[in-house]
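Open the model in your viewer with the cartoon representation on. The stops below move from one selection to the next.

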Amino acid sequence: MRVGLASCAAAVALAAGALAGCAAASPEISTATSGAMQTTVVSIAQSAATGDPATALAQLDALQQQLDAAVADGSVTAERAASIQTRI
């Protein structure tokens, strides 16, 4: 269980890094998408920190779905999505 939790925590840290600096002025990602994804990353971190890897992994899946939807609706550029994807 610790390996899964450590992997999840590492993924959260990387995803947070990918989303860091997502500002309203950034044309690479919309403000709404950035905010929603950052909220999900915080939830993942909280779940991982409390020792709930199952919830953290489910939330990580939700983050992936958010990214997929953002790419589909054009609220994140392909370049930015690729950067985020490598961290999920």
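Begin at Gly74, which sits just after α3 and takes a positive phi of about 80°. This is a predicted model, and the values along the way are computed from it.

**Stop 1: the helix before Gly74**

Step back along the chain and select residues 53-73, which form helix α3. The helix has 21 residues, and its first and last C-alpha atoms are 30 Å apart, close to the 30 Å expected at 1.5 Å a residue.

Now colour its buried residues: Pro53, Ala56, Leu60, Leu63, Gln64, Leu67 and Ala70. These cover an arc of only 125° around the axis, which puts them on the same side of α3. An α-helix has 3.6 residues a turn, so residues three or four places apart point the same way. Turn the view to the face of α3 directed away from the buried side, and you find the exposed residues Ala54, Asp61, Gln65, Ala72 and Asp73.

**Stop 2: across to α4**

Select residues 78-85, helix α4, and keep α3 displayed. Two packed helices are described by the angle between their axes and the distance between the axes. For α3 and α4, the axes come within 10 Å and cross at roughly 170°. The cut-off for roughly antiparallel is an angle over 145 degrees, and α3 and α4 are therefore roughly antiparallel to each other.

Which residues meet between α3 and α4? Show side chains for Gln64, Leu67 and Val71 on the α3 side, and for Ala81, Ile84 and Gln85 on the α4 side. Of the α3 residues in this group, Gln64 and Leu67 were also among those coloured as buried.

**Stop 3: back to α2**

Next select residues 31-49, helix α2. This helix has 19 residues and reaches 27 Å from first C-alpha to last, close to the 27 Å expected at 1.5 Å a residue.

Colour Thr33, Ser34, Met37, Thr40, Val41, Ile44, Ser47 and Ala48, which are buried in α2. Looking down the axis of α2, you see these residues within an arc of 150°, so they line one face of the helix. Ala32, Thr39 and Ala49 are exposed on the other side of α2. Past the end of the helix, stop at Gly51, where phi is positive, near 80°.

**Stop 4: two residues of α2**

Zoom in on Thr33, in helix α2. Is Thr33 buried or exposed? Its relative accessibility is 12%, and the cut-off for buried is under 20%, so Thr33 counts as buried. With neighbours within four places in sequence left aside, Thr33 is in contact with Ala70 and Ser75. Ala70 is one of the buried residues of α3.

Move on to Ser34, also found in helix α2. Ser34 is buried, with a relative accessible area of 3%. Draw a distance from its C-alpha to that of Val76: the two residues are 42 apart in sequence and 8.8 Å apart in space.

**Last stop: the whole protein**

Zoom out to show the whole protein, which has 4 helices and 0 strands. From the N terminus on, the elements run α-α-α-α. Of the 88 residues, 33% count as buried. Among contacts with a separation of 6 or more, 62% are between residues 24 or more positions apart. Switch to a surface view to finish: the protein exposes about 4,700 Å², and carbon and sulfur atoms supply 62% of it.

Conventions. Residues are numbered from 1 along each chain as its sequence is written. This is a predicted model: local features need pLDDT of at least 70, side-chain atom pairs count only at pLDDT 80 or more; totals for chains, interfaces and linings use all residues. Side-chain values use heavy atoms; hydrogens and water are left out. Helices (H or I, at least four residues) and strands (E, at least two) are DSSP runs, numbered from the N terminus. The expected span of a helix is 1.5 Å times one less than its number of residues. Buried means under 20% relative accessible area, exposed over 50%, partly exposed in between (1.4 Å probe, protein chains only). The arc is that of the directions from the helix axis to the C-beta atoms. Contact means heavy atoms within 4.5 Å. Accessible areas come from the Shrake-Rupley method with a 1.4 Å probe; for residues, only the protein chains shown count as cover. Axes are lines fitted to C-alpha atoms, for helices over the stretch in contact, and angles run from 0 to 180 degrees between N-to-C directions. Angles under 35 degrees count as roughly parallel, over 145 as roughly antiparallel, 65 to 115 as roughly perpendicular and the rest as oblique.
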